[in-house]
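These are my notebook entries on a structure that I had not examined before. I set down what I looked up, topic by topic.

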Protein chains: 2
Amino acid sequence: MKEFTPEYLEHLRKIIHDRADAAAREELADLHPADIAELYQDLDLEEAEYLFKLLDEEMQADVLMELDEDDRAKLLSKMDVADIAKQIEHLDTDDAVDIIQELDEDDREKILSHIDDVEQAGDIIDLLKYDEDTAGGLMGTEMIVVNENWSMPECIKQMRMQAEDMDEVYYVYVVDNEDRLRGTLPLKKLITHPSVSKIRHVMETDPVAVKADTPIDDVALDFEKYDLVAMPVIDSIGRLLGRITVDDVMDKVRDSSERDYQLASGLSGDVESDDKLFAQTKARLPWLLIGMVGGLCNSVILGRFEGGFVVDPALALFIPLIGGTGGNVGTQSSAIVVQGLANGSLDIKKSSRQLLKELGVGLLNGSIIALLVFLYNFFTLGAGHEVTTFAVSISIFCVVMFASVFGTFVPLTLEKLKIDPAIATGPFISITNDIIGMLIYMSISTWLIVFFAH
Amino acid sequence: MKEFTPEYLEHLRKIIHDRADAAAREELADLHPADIAELYQDLDLEEAEYLFKLLDEEMQADVLMELDEDDRAKLLSKMDVADIAKQIEHLDTDDAVDIIQELDEDDREKILSHIDDVEQAGDIIDLLKYDEDTAGGLMGTEMIVVNENWSMPECIKQMRMQAEDMDEVYYVYVVDNEDRLRGTLPLKKLITHPSVSKIRHVMETDPVAVKADTPIDDVALDFEKYDLVAMPVIDSIGRLLGRITVDDVMDKVRDSSERDYQLASGLSGDVESDDKLFAQTKARLPWLLIGMVGGLCNSVILGRFEGGFVVDPALALFIPLIGGTGGNVGTQSSAIVVQGLANGSLDIKKSSRQLLKELGVGLLNGSIIALLVFLYNFFTLGAGHEVTTFAVSISIFCVVMFASVFGTFVPLTLEKLKIDPAIATGPFISITNDIIGMLIYMSISTWLIVFFAH
């Protein structure tokens, strides 16, 4: 990994401000497009634009692809439609589609009409039809395809023609006369079986493939399960449509686990540490406001039981304990469900088993905590605080049981309703459990006050 | 992806219990090792063992590799050392090392002495020396290596010999006469440049490579940045030691983001939804107990200010609001730092900039929430509750400011001390902020009671 030191950046900025084209070109020559994209984060738009214009078209396209969406939008806004089209021609169709999808409707049309390679433009238009979150939305059409009845020499000749424009080739896909996917040909077979008469004798049959409408999360699980570097995409009758590469899948795996983590931490939207102050506030304030409303609800609930605090003011001291415990238990339970669903280890059909197990875990944890708190209060509060001592422990037990089941039930139900279960983690669960915890605590206290009064 | 229906499983169990070898073999024939491994989760050990013995040795090795660590341990415990050694011979060295690392010291020695292929055994012993969390611990030694001075026909001849035992080949690595890595040869060059006189004329120079002691997290970031499917590993003077494949990296990316998520949700250890009740309790009870101690601390803090509640009992009603807000803000701030460090978007050298930005976000969020709560309390509590109205809003503002800075500062400091910053998220941050929030609230209330009394 390249490290750009402050000294290097200063040196580079000097070159840029002197408009020393030759020196700047030299600095860029050894860099990978991903490194150049990273460099842009430390430069202002004008500096980045200057360097960008020095690159050749193919490199420009690669750098464009590696940039953050925001940085890319800024750079694209400085370019005219014909230039953008030229760069898109250098990209694989899946990457081209990603960039075009970020543009507004008008620009899309214009750019597509400027692409000279009609076949590529047609492929892009076809790919744009697929839902972004499915295999179809992730696939590209660049791949080497051979017929199962060809001989190896015929096949190699064809491959030589097809491979010309491709950066990397990992698999060769084998189809029948009706374009249906029949197998894959590992490249090493080219070396080990140079003169076989029919490809189908050496190809690997039963290739792992996905239908175009498969959700991306399932595609990712398949990649991980079968240790793939690329996967073919087929239509409903098995015809080969395109291929998905592992780098795109890996990005999706990171994105989706980051998203789950963010939701669990009360961050809405895609917020990063390098976002601007206003973007950060926008992503964070909503949950804080919901938390505020929850806290105010709790003040209303507690207000209705003010009489209880008069009987034993010690009751007020354990409000944070009850609320905190409910929040912690609920967060754990919901995280286990969300993660299990995301990595495929929890089957939605086994929901009732999961709920039952949570009941068991809740019973165990709830009993232990309730007992410890009872002993603590029994010895520290002393006589005259029976209501509080019993109310706190009984409430803790009930809150742990409720939070375990509720934290499991809600994400499972959302998943069944095809809503992202991750929204039911973090602040949602802890705020809800906080409020219900207070209700439980106050109800049990009131009941015990009456009970001990008799 | 294969789906095993309850009907299919019943059908299979019948075959197993009838000991119908031929029928069972037929069922297994079309399955991928990963599917067989998945099947084992629905079978008991005896059933799984029966099916396992019907597989040929290479398939046994592949299935073994795909199993969960627990299931694998169970199956291995039923096998003798010579059998295990035989299966390990069928695995790539990186996979072999993973399995051997799970065994105890005694068994390791025995199994290694039973491996007939001395070169493989030697490679495994070498690989076992690397730290598990570094590039060296993840690499395997199976790769095709050619000399930069060879011609393409010479190279193809060598590759034919070397590729014989390999499942998949994505890159050919090019070294000089001293075994130093000089470049990579994309397989498509075999097709497009069949008769070049020296490999170095067509190889790609400046390959992205990592040193053996590079931490795995950095390796993963490089894979993502440069969109790689495999990466060569070198020693400190650039000699080629092995290669890392993308499937292993992808597993690590998922593992480490799952781990961060678990820590943020108060789950210690690697807990999954399909773990047994006791394992779940063990992973969850520790944080709940810490939360309990935190809650009891709060009760002590509140107990010392009981006089305040006598002056205005309404003060007690806002305890959940103050605690909850501090917890929510702290969770957000720490999650942003942990995630930024994990995906490389936050540079530890820019810590002070991050702290400054958090101060800004805290100022904005704190002011908005404090103002809204002030208006609410002003209109609902009415006269006689000035202490509470002011104490709640001033405290909320202070709590948000403190939680923003503290939630940022703690993980950044841990990272600097080379401790995993993820332990400072979730329950840790919310419990700490809860306690400090109470201290702030109680101090400000006491001060305001004195102020308004004059």
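**Entry 1. Contacts and overall form**

I worked throughout with a predicted model. I began with the contacts in chain A: among those with a separation of 6 or more, 67% are between residues 24 or more positions apart.

I then looked up the secondary structure of chain A and found 21 helices and seven strands. The radius of gyration of chain A is 30 Å, while the globule rule gives 22 Å for 454 residues; the computed value is well over that, so chain A is more spread out than a compact globule. I also noted the extent of the C-alpha trace of chain A, which spans about 95 × 65 × 40 Å along its principal axes.

**Entry 2. Surface and charge**

I asked what share of chain A counts as buried. The figure is 55% of its 454 residues. The exposed surface of chain A comes to about 20100 Å², and 55% of this is supplied by carbon and sulfur atoms.

I next looked up the charged side chains. Chain A holds 82 negative and 38 positive ones. The centres of these two sets are 6 Å apart.

**Entry 3. The annotated CBS domains**

I consulted the UniProt record, an unreviewed entry, which places the feature "domain: CBS" at residues 139-202 and 203-261 of chain A. For residues 203-261 of chain A, I recorded 46% helix and 25% strand. The C-alpha atoms at the two ends of that span lie 42 Å apart.

I then turned to helix α14 of chain A, residues 216-226. Is this helix largely enclosed by the rest of the structure or not, and why? Nine of its eleven residues are buried, that is, under 20% relative accessible area, so α14 of chain A is largely enclosed by the rest of the structure. Among the buried residues of α14(A) I noted the charged-type names Asp222(A), Glu224(A) and Lys225(A), together with others including Ile216(A), Leu221(A), Phe223(A) and Tyr226(A). Just after α14(A), Asp227(A) takes a positive phi of about 50°.

**Entry 4. Two further positive phi values**

I looked up Arg19(A), which is not a glycine and yet has a positive phi of about 50°. Arg19(A) sits in the loop that joins α1 (6-17) and α2 (21-29) of chain A. Its relative accessibility is 42%, and Arg19(A) therefore counts as partly exposed.

In chain B, I found that Asp206(B), also not a glycine, has a positive phi of about 50°. Asp206(B) belongs to the loop between β4 (204-205) and β5 (210-211) of chain B. With a relative accessible area of 60%, Asp206(B) is exposed.

**Entry 5. A loop residue, Asp116(A)**

I located Asp116(A) in the loop between α9 (105-114) and α10 (118-127) of chain A. Is Asp116(A) buried or exposed? Its relative accessible area is 64%; because the cut-off for exposed is over 50%, Asp116(A) is exposed. I also checked Asp116(A) against Lys86(A): the two are 30 residues apart in sequence, and their C-alpha atoms are 8.3 Å apart in space.

**Entry 6. The annotated transmembrane regions**

I returned to UniProt, where the unreviewed entry gives the annotation "transmembrane region" for residues 359-379, 391-414 and 435-453 of chain A. I examined two of these spans. Residues 359-379 of chain A are 100% helix and 0% strand, with end C-alpha atoms 30 Å apart. Residues 391-414 of chain A are likewise 100% helix and 0% strand, and their end C-alpha atoms lie 33 Å apart.

Technical notes. Residues are numbered from 1 along each chain as its sequence is written. Chains are lettered from A and ligands numbered from 1 in the order in which they are written. This is a predicted model: local features need pLDDT of at least 70, side-chain atom pairs count only at pLDDT 80 or more; totals for chains, interfaces and linings use all residues. Side-chain values use heavy atoms; hydrogens and water are left out. Helices (H or I, at least four residues) and strands (E, at least two) are DSSP runs, numbered from the N terminus. The radius of gyration is taken over C-alpha atoms; the globule rule is 2.2 Å times the number of residues to the power 0.38. Buried means under 20% relative accessible area, exposed over 50%, partly exposed in between (1.4 Å probe, protein chains only). Contact means heavy atoms within 4.5 Å. Accessible areas come from the Shrake-Rupley method with a 1.4 Å probe; for residues, only the protein chains shown count as cover. Lys and Arg count as positive and Asp and Glu as negative; His and the chain ends are not counted. The place of a charge is taken as NZ of Lys, CZ of Arg, CG of Asp or CD of Glu. UniProt positions are given in the numbering used here, feature names are shortened, and annotations may be inferred rather than shown by experiment.
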